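Got your viewer open and your mouse ready? Let's take a walk through this one, stop by stop.

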Amino acid sequence: MFAITPNTLSNFMNSMSRYVILLSLLLISVSIFLIIFLENDYYQGISFKIMFIHVPTAWLSLAIFLMMGISSIIGLIFKSPTAFTVARSLSPIGLIMSIIVLVTGSIWGNLTWGAYWVWDARLTSMLILAFIYLGHILLLHSFEHFQKADFAASILAIIGLVNLPIVKFSVDWWTTLHQESSVLRIGGPSMTNDYLITLIVSFFGIFMLTIFWFSNIFYIIIEKRKMERSKLLND
Amino acid sequence: MRIIKLNNQIKKRFIFLLIIFACFSASIFLISYSLKDQIAYFVEPTDLKSMDGIENKYLRVGGLVKINSLKFLDGNWTFEVIDQNQNSVNVVFSKTLPNLVEENKGIIVEGKFIDNIFVAEIVLAKHDENYMPQSAIDKLKEEGKWRGN
């Protein structure tokens, strides 16, 4: 795995990207269709349908951070430029995902709880996650040499891994206003199958979109570096 | 020879990262463990029994709205917040309730105890993790498996 250069990974992802975006658009259209025709929840009414954006983006914002942390560890231990570039391309996507989670969550919160924002453990730890993403991006852009930036940002990503179990288990460890997990929980999902299937379809739609977006950012970073290098050689 | 040297370096870097991570998680664990009462968003009526000096102290109490206790009298909402141990707190609230406040559903009230009655300033509805359409509930009721109200 450590023999993969950024170039080969970029070429591989470019060759796949058209299928990925087609699959993503297909899954998202199917999920929109499913969401529209889904029966309302008995208690929350129509407002629960915001779940089909809120939950997939929440899962992804955690999964992207985990991926960023793992590739930072690989990058630091094996000095792998590919792993560093993977972490570098993931943080903007993670930031956007966590902003979507916070915004959709606060709309949903106002409709159901009666408050846009409260300082409970789940909401606060999710806000911290968004700030760590922002800090990662800012660190990457505050050094002249990208190797130094990668080193500093990787340390932040590894430290930030501590926050992941806190976000996930905050609803179990402390009392919160936020509900407990409905899907990834002991005893199986606490929703009916029609809701669960819609959620999974919309998750994979957004997941495929994330992969497409990731491959684009990765490609741009690689091409920019190539241009800078050829400029240096010409001067 | 070169491979052995590389392995040593990798080992060193791995241990370095492990120490950073372990120190950080230990400090976060200690902070959140010692602040666990502050991180908890609300207390249950049972917890109030073991707390002293709760009169005139700003608190959040959470639980379920007791069945047949939600009433509107003289411009005030009154209800009881009950928990699993059947301990309850009498609450009065003078503003508009959130839409989802119902009997036998979750609620969090924010305010103070005045003469053993909890005067709430903010009321939040706390929904649980169960999602199902009305038709599924009707089906469960037909089969006699529904345990809600």
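In which sense do strand S1 and strand S5 of chain B pair, and over how many bridges? Select residues 59–65 of chain B for S1 and residues 106–114 of chain B for S5, and you'll find the two strands pairing in the antiparallel sense over 6 bridges. Before going further, keep in mind that you're looking at a predicted model.

**Stop 1: partners across S1(B) and S5(B)**

Now show the residues themselves. Pick B:Gly62, and look across to its bridge partner in S5(B), B:Ile108. Then click B:Leu59, whose bridge partner in S5(B) is B:Gly111.

**Stop 2: the other neighbour of S1(B)**

Next, add residues 76–82 of chain B, which make up strand S3. S1(B) pairs with S3(B) as well, again in the antiparallel sense, with 2 bridges. To see a partner pair here, select B:Val65 together with B:Val81 in S3(B).

While you have strands on screen, here's a handy thing to know: in a regular strand, side chains alternate between the two faces of the sheet.

**Stop 3: a hairpin**

Go back to S5(B) and add strand S6, residues 117–126 of chain B. How many bridges join S5(B) to S6(B)? There are 9, and the two strands run antiparallel. One pair to highlight is B:Val109 with its bridge partner in S6(B), B:Val123. S5(B) and S6(B) form a hairpin, with 2 residues between them. Zoom in on the turn and click B:Asp115: this residue has a positive phi of about 55°.

**Stop 4: all of chain B**

Zoom out and colour chain B by domain: use one colour for domain 1 (2–38) and another for domain 2 (42–126). The centres of these two domains, taken over C-alpha atoms, are 44 Å apart.

**Stop 5: where the chains touch**

Bring chain A into view. Here 33 residues of chain A are in contact with 33 residues of chain B. Which elements of chain A give two or more residues to the side that touches chain B? They are helix H2 (51–78) and helix H5 (146–160). H2(A) gives the most, with 4 residues. Colour this side of chain A by residue type and you'll get 18 nonpolar, 11 polar and 4 charged residues.

**Stop 6: H2(A) and H3(A)**

Stay with H2(A) and add helix H3, residues 81–112 of chain A. Two packed helices are described by the angle between their axes and the distance between the axes. For H2(A) and H3(A), the angle is about 155° and the axes are 8 Å apart. The two helices are therefore roughly antiparallel to each other. Their crossing is left-handed. The residues of this contact divide into 18 nonpolar, 11 polar and no charged.

**Stop 7: H2(A) and H6(A)**

For the last stop, swap H3(A) for helix H6, residues 163–173 of chain A. The axes of H2(A) and H6(A) come within 10 Å and cross at roughly 160°. That makes H2(A) roughly antiparallel to H6(A). The crossing of H2(A) and H6(A) is left-handed. Which residues make the contact? Select A:Leu62, A:Phe65 and A:Leu66 on H2(A), then A:Leu164, A:Val167 and A:Lys168 on H6(A). By type, the residues of this contact are 5 nonpolar, no polar and 1 charged.

Technical notes
Residues numbered from 1 in each chain as written. Chains lettered and ligands numbered in written order. Predicted model: local features only at pLDDT ≥ 70, side-chain atom pairs only at ≥ 80, totals over all residues. Domains from an automatic or database assignment. Contact = placed C-beta atoms within 7 Å. Nonpolar A, V, L, I, M, F, W, Y, C, P; charged D, E, K, R; others polar. Pairing = 2+ DSSP bridges. Axes fitted to C-alpha atoms, helices over the stretch in contact; angles between N-to-C directions. Parallel < 35°, antiparallel > 145°, perpendicular 65-115°, else oblique. Left-handed = near helix turned anticlockwise from the far one by under 90°.
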